[in-house]
Amino acid sequence: MPVRIATYNVNGVNGRLDVLLRWLAETGPDIVCLQELKAVDERFPVREIEAAGYGAIWHGQKSWNGVAILAKGREPIETRRGLPGDPDDSQSRYIEAAVGGMLIGCLYLPNGNPAPGPKFDYKLAWFQRLQDHAASLLQLDAPVVLTGDYNVMPTELDVYKPERWVDDALFRPEVRDAYRKLVEQGWTDALRTLKGQERIYTFWKYFRNAFARDAGLRIDHVLLNPVLAGRLKAGGVDRQVRGWEHTSDHAPVWVEIADQ
DNA sequence: ATGGCCTTCTAAGAAGGA
């Protein structure tokens with residue numbers, strides 16, 4: 001049986017619990033990385049998620065951020081919470097676990113707007129810490145996935161109107177460079193590799209009917225280490241979820257990994 | 001070129017998102 005791994009910026013795990021549970025029931029991913037829980041640890045809906053058949057670990061925060069890893073029929077074994085490199089960073093943006101012999105890194109990279117400014121500086125510093133940690137993960141022989149909301153459109157192909165985003169923190173050259181350098185360490189951008197030059201979006205603004213116009217961005221990514229890249233069989237975006245009532249502004253992204 | 005929408009926290013609007 002292939003393993004299906006998904007990432008989903010849920011934009012409020014309690015406010016959109018119905019959407020999350022419906023998506024889990026309809027698509028049944030084996031491993032799920034969630035971002036933007038927007039809830040403290042005590043308010044993570046662990047009962048409902050367990051009732052749906054998933055074990056979970058999570059790292060919450062009041063109002064903002066928050067990440068979680070879900071595993072169908074098993075408990076993720078937590079290996080890390082928070083990126084190394086800055087003990088003063090109190091934002092909940094990274095959690096990592098071993099699930100069924102794979103190492104899963106779940107991340108929510110800072111937005112960084114407005115740029116330039118302190119938020120953009122924080123984004124670049126966070127990206128550097130991610131690069132450093134990712135390099136250490138590449139030393140492992142085990143299968144490794146590094147996935148989540150990267151808040152970067154890697155190329156012009158990933159933006160509905162690139163010229164409108166040139167000064168945005170999600171598309172500025174420094175951020176695209178950081179993503180490119182990360183991938184060039186030896187990671188495989190799963191969706192781009194599978195889809196060639198096809199347009200792929202994972203996010204559509206709530207404003208101005210963006211989803212209906214398909215005015216989207218590709219900012220949620222699944223990166224695979226070399227062991228897993230050779231086992232990549234399929235991948236896609238669950239676009240239908242973005243069309244549901246009361247839904248997140250992101251759609252889930254998934255890959256399927258073949259057995260060894 | 002701007003503002004459009006949506007969440008949380010907490011009780012009206014502010015802040016953050018992208």
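These are my notebook entries on a predicted model of a protein with DNA strand B.

**Entry 1: helix α1**

I started with helix α1, which runs over residues 17-27. I looked up its buried residues and found L17, V19, L20, W23 and L24. Seen down the axis of α1, these fall within an arc of 165°, so they line one face of the helix. I kept the general rule beside me: an α-helix has 3.6 residues a turn, so residues three or four places apart point the same way.

Next I asked what covers that buried side. The cover includes β1 (3-9), β2 (31-35) and α2 (46-51). It also includes β3 (54-59), β4 (67-72) and α8 (239-242).

Then I turned to the face of α1 directed away from the buried side, where I found the exposed residues D18 and A25. D18 has 66% relative accessibility, and I count it as exposed because the cut-off is over 50%. Out of curiosity I also checked D18 against L232: they are 214 residues apart along the chain, and their C-alpha atoms are separated by 30 Å.

After α1 comes G28, and its phi is positive, near 55°.

**Entry 2: helix α4**

Helix α4 covers residues 173-184, twelve residues in total. I checked its span from first C-alpha to last: it reaches 16 Å, close to the 16 Å expected at 1.5 Å a residue.

Which residues of α4 are buried? I noted V175, A178, Y179 and L182. They cover an arc of only 95° around the axis, which puts them on the same side of α4. Among the elements that cover them are α3 (118-137), β9 (188-189) and β12 (220-224).

Just after this helix I came to G186, which takes a positive phi of about 135°.

**Entry 3: backbone oddities**

Here I had a reminder in mind: most residues other than glycine have a negative phi, and most peptide bonds are trans. So I went looking for exceptions.

My first stop was N11, whose phi is near 55°, a positive value in a residue other than glycine. N11 sits in the loop between β1 and α1. Is N11 buried or exposed? Its relative accessibility is 12%, so N11 counts as buried, the cut-off being under 20%. I then listed what N11 touches, leaving aside residues up to four places away in sequence: R16, Q35, E36, K38, Y206, S248 and D249.

My next stop was N209, not a glycine either, with a positive phi of about 60°. I placed N209 in the loop between β10 (203-204) and α6 (210-213). Its relative accessibility is 52%, and N209 therefore counts as exposed.

For cis peptide bonds I went to the loop between β7 (102-108) and α3, where P114 is found. N113 and P114 are joined by a cis peptide bond with omega of about -5°. P116 is also in the loop between β7 and α3. A cis peptide bond joins A115 to P116, and here omega is about 0°.

**Entry 4: around DNA strand B**

Last, I went over to DNA strand B. There are 25 residues around the strand, and those that come nearest are S63, N111, F207, R208 and H246. I sorted the surface near the strand by class and got eight nonpolar, eight polar and nine charged residues.

Which part of the strand lies by the protein, sugar and phosphate or bases? Of the strand's atoms within 4 Å of the protein, 65% belong to sugar or phosphate, and the rest belong to bases.

I then wrote down some contacts to phosphate oxygens of DNA strand B:

- At Y108, an N or O atom in the side chain is 3.1 Å from a phosphate oxygen.
- At S63, a polar backbone atom is 3.3 Å from a phosphate oxygen.
- At G15, a polar backbone atom is 3.5 Å from a phosphate oxygen.

S63 thus turns up in both of my lists: S63 is among the residues that come nearest to the strand, and its backbone has a polar atom 3.3 Å from a phosphate oxygen.

Key. Residues are numbered from 1 along each chain as its sequence is written. Chains are lettered from A and ligands numbered from 1 in the order in which they are written. This is a predicted model: local features need pLDDT of at least 70, side-chain atom pairs count only at pLDDT 80 or more; totals for chains, interfaces and linings use all residues. Side-chain values use heavy atoms; hydrogens and water are left out. Helices (H or I, at least four residues) and strands (E, at least two) are DSSP runs, numbered from the N terminus. The expected span of a helix is 1.5 Å times one less than its number of residues. Buried means under 20% relative accessible area, exposed over 50%, partly exposed in between (1.4 Å probe, protein chains only). The arc is that of the directions from the helix axis to the C-beta atoms. Contact means heavy atoms within 4.5 Å. A residue is near a molecule or strand if one of its heavy atoms lies within 4 Å of it. A polar contact is a pair of N or O atoms within 3.5 Å; within protein, one must be able to donate a hydrogen and the other to accept it, and residues adjacent in sequence count only if both atoms are side-chain atoms. Ala, Val, Leu, Ile, Met, Phe, Trp, Tyr, Cys and Pro count as nonpolar, Asp, Glu, Lys and Arg as charged, and the others, Gly among them, as polar.
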